[in-house]
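Work through these exercises with the structure open. Each task is followed by a worked solution.

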Amino acid sequence: MKKWEAIFTEADRELLKTFSRTERQKFGHRPALIIVDVVKSFMGSRPQSTLEAAAEYRTSCGEAGWRALDHIKRLLDAFRERDLPVIYTTVDPVIAGFAWGPDKRSSAEEYGQKKYSEEAWEIAEEIKPRSSEPIIRKTKASGFLFTPLAPILHNMGADC
């Protein structure tokens, strides 16, 4: 059993066993890296427990996000060394305020609050985008919904 499968229920395991593919999916020839929402409002302003981080930003995952940052940085460096496309997503706080935010519990008022200012949606300093790397500014949870992400991937020739 893979480490992450430990959280599965018996029903989940049975479903996976019955319907999952047994062969490994092949990679394409032109991968793209999409770094999704590695921002202060989803990580917190510093490493702390999820409960502490959520007190600062309701959407924060706390320490887990900070632990993931080193892994994301290594993957980002590998893509950059090979001159492969890198794309970032973050929330557009101004438009999201008019569109009632990126998730079901969001409201226009919440995005007017100081804690959800533009600073809350800035990409982590450790993995800042280069000027040649696009940033998709979204209004909903999906980077594909009402954004140019799909055509950008197509124009980049990304196949995985």
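**Exercise 1.** In what order do the helices and strands of the protein chain run from the N terminus on?

*Solution.* The model is predicted. Trace the protein chain from its N terminus: the elements read α-β-α-α-α-β-α-α-β-α. Now tally them by type. The chain has seven helices and three strands.

**Exercise 2.** Find what share of the residues is buried, and describe the exposed surface.

*Solution.* Start with burial. Of the 160 residues in the protein chain, 33% are buried. Turn to the surface next. The protein chain exposes about 10,900 Å². Carbon and sulfur atoms supply 57% of that area.

**Exercise 3.** Consider contacts between residues at least 6 apart in sequence. What percentage join residues at least 24 apart?

*Solution.* Take the contacts in the protein chain that meet the separation of at least 6. Of these, 65% join residues at least 24 apart.

**Exercise 4.** Locate the aromatic pair and classify its geometry.

*Solution.* The structure holds one aromatic pair. Its members are Phe42 and Trp121. The centres lie 5.7 Å apart, and the planes meet at 75°. An angle over 60 degrees counts as edge-to-face, so Phe42 and Trp121 form an edge-to-face pair.

Next, place both residues. Phe42 sits in helix α2 (residues 40–43). Trp121 lies in the loop between α6 (108–112) and β3 (135–138). They are 79 residues apart, so the pair links distant parts of the chain.

**Exercise 5.** Are Phe42 and Trp121 buried or exposed?

*Solution.* The cut-off for buried is under 20% relative accessible area. Phe42 has 18% relative accessibility, so Phe42 counts as buried. Trp121 has a relative accessible area of 3%, so Trp121 is buried too.

Definitions and conventions. Residues are numbered from 1 along each chain as its sequence is written. This is a predicted model: local features need pLDDT of at least 70, side-chain atom pairs count only at pLDDT 80 or more; totals for chains, interfaces and linings use all residues. Side-chain values use heavy atoms; hydrogens and water are left out. Helices (H or I, at least four residues) and strands (E, at least two) are DSSP runs, numbered from the N terminus. Buried means under 20% relative accessible area, exposed over 50%, partly exposed in between (1.4 Å probe, protein chains only). Contact means heavy atoms within 4.5 Å. Accessible areas come from the Shrake-Rupley method with a 1.4 Å probe; for residues, only the protein chains shown count as cover. Rings of Phe, Tyr and Trp (its six-membered ring) pair if their centres lie within 6.5 Å; planes under 30 degrees apart count as stacked, over 60 as edge-to-face and the rest as tilted.
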